[in-house]
Number of protein chains: 2
Amino acid sequence: MTNALVELKAHLGEVADLSAAAAVLEWDQLTYMPRGGAEARAQASATLAGLTHEKLISQRTGDLLEAAAGETSTSDSDSDEARLVRVTRREYDRQRRVPTSWVGEFTRVSSIATTTWEKAKPASDFALFRPHLERIVAMRREYVEFFAPYDSIYDPLLDGFEPGMKTAEVTAVFSVLRPALVDLVHKIAERAGAVDDRCLQGDFDEARQWDFGVQVLKRIGYDFDRGRQDRSAHPFTTSFSPDDVRITTRFHRDLVASALMSTVHEGGHALYEQGIAPALARSPLANGASHGMHESQSRMWENLIGRSRSFWKVFYPQFQRTFGEFAKVPLETFYRALNKVTPSLIRVEADEVTYNLHIMLRFELELALLQGDLAVKDLPGVWNQKMNDYLGVLPPDDAQGVLQDVHWSGGSMGYFPTYSLGNVISVQLLNTALAQSPSLASDLDRGEYGSLLGWLRENIHRHGAKFESPELLRRITGEALTPQPYIQYLKTKFGEIYGF
Amino acid sequence: MTNALVELKAHLGEVADLSAAAAVLEWDQLTYMPRGGAEARAQASATLAGLTHEKLISQRTGDLLEAAAGETSTSDSDSDEARLVRVTRREYDRQRRVPTSWVGEFTRVSSIATTTWEKAKPASDFALFRPHLERIVAMRREYVEFFAPYDSIYDPLLDGFEPGMKTAEVTAVFSVLRPALVDLVHKIAERAGAVDDRCLQGDFDEARQWDFGVQVLKRIGYDFDRGRQDRSAHPFTTSFSPDDVRITTRFHRDLVASALMSTVHEGGHALYEQGIAPALARSPLANGASHGMHESQSRMWENLIGRSRSFWKVFYPQFQRTFGEFAKVPLETFYRALNKVTPSLIRVEADEVTYNLHIMLRFELELALLQGDLAVKDLPGVWNQKMNDYLGVLPPDDAQGVLQDVHWSGGSMGYFPTYSLGNVISVQLLNTALAQSPSLASDLDRGEYGSLLGWLRENIHRHGAKFESPELLRRITGEALTPQPYIQYLKTKFGEIYGF
């Protein structure tokens with residue numbers, strides 16, 4: 001490597017170290033921190049975020065980028081080095097628009113907001129959370145103006161999760177997806193009695209749920225020597241390096257599949273992060289390509305694999321041994337129950353079909369909040385009304401309504417659409433994998449997940465953030481993002497289950 | 001407050017934030033980090049330590065200190081502000097002697113060394129740990145030279161733990177303590193059969209040990225809303241702010257009192273940190289006065305309180321209910337067992353009399369390593385020989401010998417003497433408290449620890465690091481550090497138990 005590249009990597013290594021430290025602080029905040037620690041933690045996180053930002057947007061980064069760009073201009077444009085310069089330059093230009101003081105303050109505000117949300121949610125106390133959310137929305141409205149002019153006020157936020165993607169593209173995808181989903185929901189509603197999911201309800205020991213989840217994680221390839229699982233109010237995955245990638249879960253004693261499917265979801269994220277090439281560690285490339293690509297991995301393992309018949313053919317005997325309640329429940333009954341489609345209140349518990357409607361609702365609300373068309377004080381009412389309109393269910397309280405997700409409290413606006421993009425991408429990817437690897441389907445039938453993981457590592461994980469999501473998708477599938485395969489997947493799967 | 005003071009406090013607040021972040025990283029490393037995370041953690045910790053150092057020794061600190069010193073020159077010399085300037089100036093001058101690059105590298109080296117020690121200790125594999133310790137000793141020898149000229153090569157290290165104290169003073173205290181202890185050990189050895197501690201050995205459920213320890217912690221005043229307890233290979237206390245002070249413990253199933261007394265010890269440290277005045281938070285004053293003063297708190301709660309007859313009069317009935325094995329063991333038998341004096345291998349398990357001999361051994365070895373009189377490769381042999389000379393016991397392996405303590409792996413050389421200084425101070429303090437508060441003795445007899453804690457908070461804890469340890473001790477007791485009260489305490493207590 002040339003001198004400027006060596007220096008650039010060392011410099012960016014320090015930025016990555018600070019980001020990793022911030023991630024440890026956040027992980028601790030969400031898992032083990034005693035309540036008294038909140039204020040000092042908000043301060044520490046704010047200072048760390050400010051210093052990280054300052055270092056990233058420093059003149060030194062600019063100088064090293066320029067020198068390194070000159071040195072890599074003749075090299076392979078797909079090399080780690082050329083891509084490092086390109087990705088860093090993009091992030092550098094983006095972050096330089098934001099004042100460091102804003103970053104520090106926003107980190108402090110959202111840290112306190114998260115702690116408050118953790119209290120407000122179980123108490124269903126929106127009034128407690130409201131001033132914090134108001135501040136977050138106000139600051140996000142400041143944030144987007146750093147990027148003016150923009151096509152959509154949502155673009156600068158989306159860009160933080162889906163580099164290069166425009167809100168118009170999301171709207172276009174959703175405009176195809178929505179009628180197809182509504183049609184499916186209607187078809188299924190007419191046959192609602194065809195699936196009975198009462199077997200999933202009961203009283204299920206948490207330690208057994210934990211143990212079964214851990215066994216599934218190991219089977220799909222999650223490496224506990226380079227990660228761990230803990231509990232938190234809202235499940236998440238975080239990475240301090242490809243060798244320390246952690247997930248969290250939480251339990252519902254009354255729903256046997258809830259923690260498990262959440263664990264598999266986070267496991268999918270974690271496999272991505274654990275699979276990033278060691279050579280990319282401590283650099284801006286040691287991330288996923290985008291949040292949509294990340295969700296494609298979590299949603300693939302959770303749904304395409306974890307809710308498939310073949311998955312449960314493998315795991316059901318062990319599941320029955322763990323939970324004696326299922327001794328006399330046939331596999332087919334369990335499989336159908338696990339895939340029952342019902343309009344419901346909680347996004348993370350939603351079935352594959354209605355799930356995306358939860359996302360569209362949040363996307364619309366975020367847009368309205370940013371545009372100033374909706375005030376935070378009116379949010380719970382509008383939330384409930386939209387839930388009623390889209391899904392025909394009315395949240396009995398805010399805990400099961402507007403307070404259910406952690407995202408806004410942490411300052412994440414613009415994230416939600418990536419879940420649906422992930423759903424869409426997941427089917428494009430799995431279809432390609434199945435087409436390219438003739439033995440993959442039978443491997444999955446046998447519970448051999450190594451070949452799927454190998455394909456994902458080779459085609460996606462190891463590249464980290466070298467390629468932006470659209471480019472990566474095109475390299476792998478030859479196609480742009482398109483919702484048709486996903487719609488077809490849903491029609492086939494649920495047509496079979498519901499008989500249409 | 002004046003302008004410079006406001007700015008100085010904000011600036012030092014950021015330094016404190018970075019130190020807190022580093023402490024979170026270290027806590028995580030020692031409690032939950034998966035083994036794969038070690039290398040990235042060492043890097044992140046090193047970067048954080050370097051930035052913290054850079055910020056502390058920056059010209060800006062110097063300028064603000066100067067301006068603030070001018071502004072506080074006419075104010076009360078005991079005010080928080082005047083003391084902040086004084087303590088920060090001392091630390092600034094000290095840290096400026098050390099290159100930031102050394103700080104980063106030493107942090108990286110000791111982080112990896114700690115991880116390696118955690119593997120080497122259970123395997124009793126000194127060869128694995130040796131190169132890491134060699135590097136640490138070599139770097140500590142570099143470190144002391146930043147402070148040349150010095151009276152003793154040990155002074156610059158001791159000064160990091162006991163601000164302003166000289167090695168000659170430690171030697172003087174030890175020279176009084178040693179013959180008194182040796183004399184006591186001999187007297188007790190002649191009556192060794194007088195105490196039987198077999199009741200403490202058995203097989204004791206860890207969950208019960210945990211629960212009983214937590215109850216004791218609550219009774220002595222540890223606030224779990226502003227702290228928590230976890231497990232680690234070596235127990236420790238860490239503080240991220242006075243509102244987030246955490247302790248760790250570990251269990252020996254075969255020794256009922258081991259985890260408990262360790263828990264009370266760390267609880268004593270934690271009470272100190274939780275008691276620091278909120279006004280001192282996020283500043284260099286939000287620390288203990290010295291490590292010796294800190295150990296005076298932990299050793300006071302562990303020994304003067306936790307191994308006293310009155311303590312167990314209060315807790316023994318509950319202890320007997322928790323551990324049925326003691327149903328027929330009289331309180332007096334238990335009390336005597338808990339205080340049995342026996343030369344033994346492990347410092348943290350040692351009785352109050354022989355404990356200090358473990359410390360003196362380590363102090364001598366550290367001095368020899370620094371002076372170059374002892375090579376790391378010869379350390380296990382010399383350790384074992386000294387154990388045999390001083391205590392008449394020979395470690396069967398290095399796990400029970402030179403590998404038993406975490407300190408050297410973390411780079412801490414110069415720390416060990418503070419345990420004995422703490423023992424000495426603890427008796428001076430408790431004698432003063434008893435003299436000043438006529439009801440204290442009866443409160444302790446009744447298991448009312450609030451009045452002792454209140455006295456400690458008022459006289460010690462709330463001041464944080466405002467006063468250096470010798471000054472604080474003199475303010476409270478009117479005396480300098482002197483080993484006589486401690487020796488008298490030991491003679492009285494163990495004379496009564498052993499009948500001489």
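This note goes through the symmetry, the interface, the chain B sheet and some backbone details of a predicted model.

1. **Symmetry.** Start with the relation between the two chains. A turn of 180 degrees, with a shift of 0.0 Å along the axis, lays chain B on chain A with an RMSD of 0.0 Å. The two copies are thus related as by a two-fold rotation axis. Which C-alpha of chain B is nearest the axis? That of B:Ala21, at 3.5 Å from the axis. Both copies use the same surface: 100% of the contact residues of chain B recur in chain A.

2. **Extent of the interface.** On the chain B side, 33 residues are in contact with 33 residues of chain A. The area buried between the two chains is about 2,600 Å². Carbon and sulfur atoms give 63% of that area.

3. **Polar links across the interface.** How many salt bridges does the rule find between chain B and chain A? Six. One salt bridge pairs A:Arg41 with B:Asp244, with the closest N and O atoms 3.9 Å apart. The cut-off is within 4 Å, so the A:Arg41 to B:Asp244 pair, at 3.9 Å, counts under the rule. As for polar contacts, the count between chain B and chain A is ten residue pairs, with both residues at pLDDT 80 or more.

4. **Elements at the interface.** Four elements of chain B each supply at least two residues of the side that touches chain A. Two are helices, α1 (3-31) and α2 (38-56). The others are the strands β2 and β3. B:Ala21, whose C-alpha is the one nearest the axis in chain B, has a number within the range of α1 (3-31). Likewise, B:Asp244 of the salt bridge to A:Arg41 has a number within the range of β3 (residues 244-249).

5. **The sheet of chain B.** Three strands make an open sheet in chain B, in the order β1-β3-β2, with mixed pairing. The edges are β1 (229-231) and β2 (237-241), each of which pairs on one side only. Direction ignored, neighbouring strands are turned by 25 degrees against each other on average.

6. **The parallel pair.** β1(B) and β3 (residues 244-249) of chain B run parallel and are joined by three bridges. In this pair, B:Gln229 has B:Ile247 of β3(B) as its bridge partner.

7. **The antiparallel pair.** Are β2(B) and β3(B) parallel or antiparallel? They pair in the antiparallel sense, over four bridges. B:Ser239 stands opposite B:Val245 in β3(B). A hairpin of two residues joins β2(B) to β3(B).

8. **A helix across the sheet.** Helix α9 (residues 206-220) of chain B lies across β1 and β3 of chain B. The helix runs at about 150 degrees to β1(B).

9. **Cis peptides.** Check the bond before Pro149 in each chain. A cis peptide bond joins A:Ala148 and A:Pro149, with omega about 0 degrees. In chain B, a cis bond joins B:Ala148 and B:Pro149, with omega about -5 degrees. A:Pro149 sits in the loop between α6 (126-145) and α7 (155-161) of chain A. B:Pro149 is in the loop between α6 (126-145) and α7 (155-161) of chain B.

10. **A positive phi.** B:Ser124 is not a glycine, yet its phi is positive, at about 50 degrees. Where is B:Ser124 found? In the loop between α5 (100-123) and α6 of chain B.

Methods:
Residues numbered from 1 in each chain as written. Chains lettered and ligands numbered in written order. Predicted model: local features only at pLDDT ≥ 70, side-chain atom pairs only at ≥ 80, totals over all residues. Heavy atoms only, no water. Least-squares fit on C-alpha atoms with pLDDT ≥ 70 in both. Contact = heavy atoms within 4.5 Å. Pairing = 2+ DSSP bridges. Axes fitted to C-alpha atoms, helices over the stretch in contact; angles between N-to-C directions. Buried area = accessible area lost by both parts, 1.4 Å probe. Salt bridge = Lys/Arg side-chain N within 4 Å of Asp/Glu carboxyl O. Polar contact = N/O pair within 3.5 Å; in protein donor to acceptor, adjacent residues only side chain to side chain.
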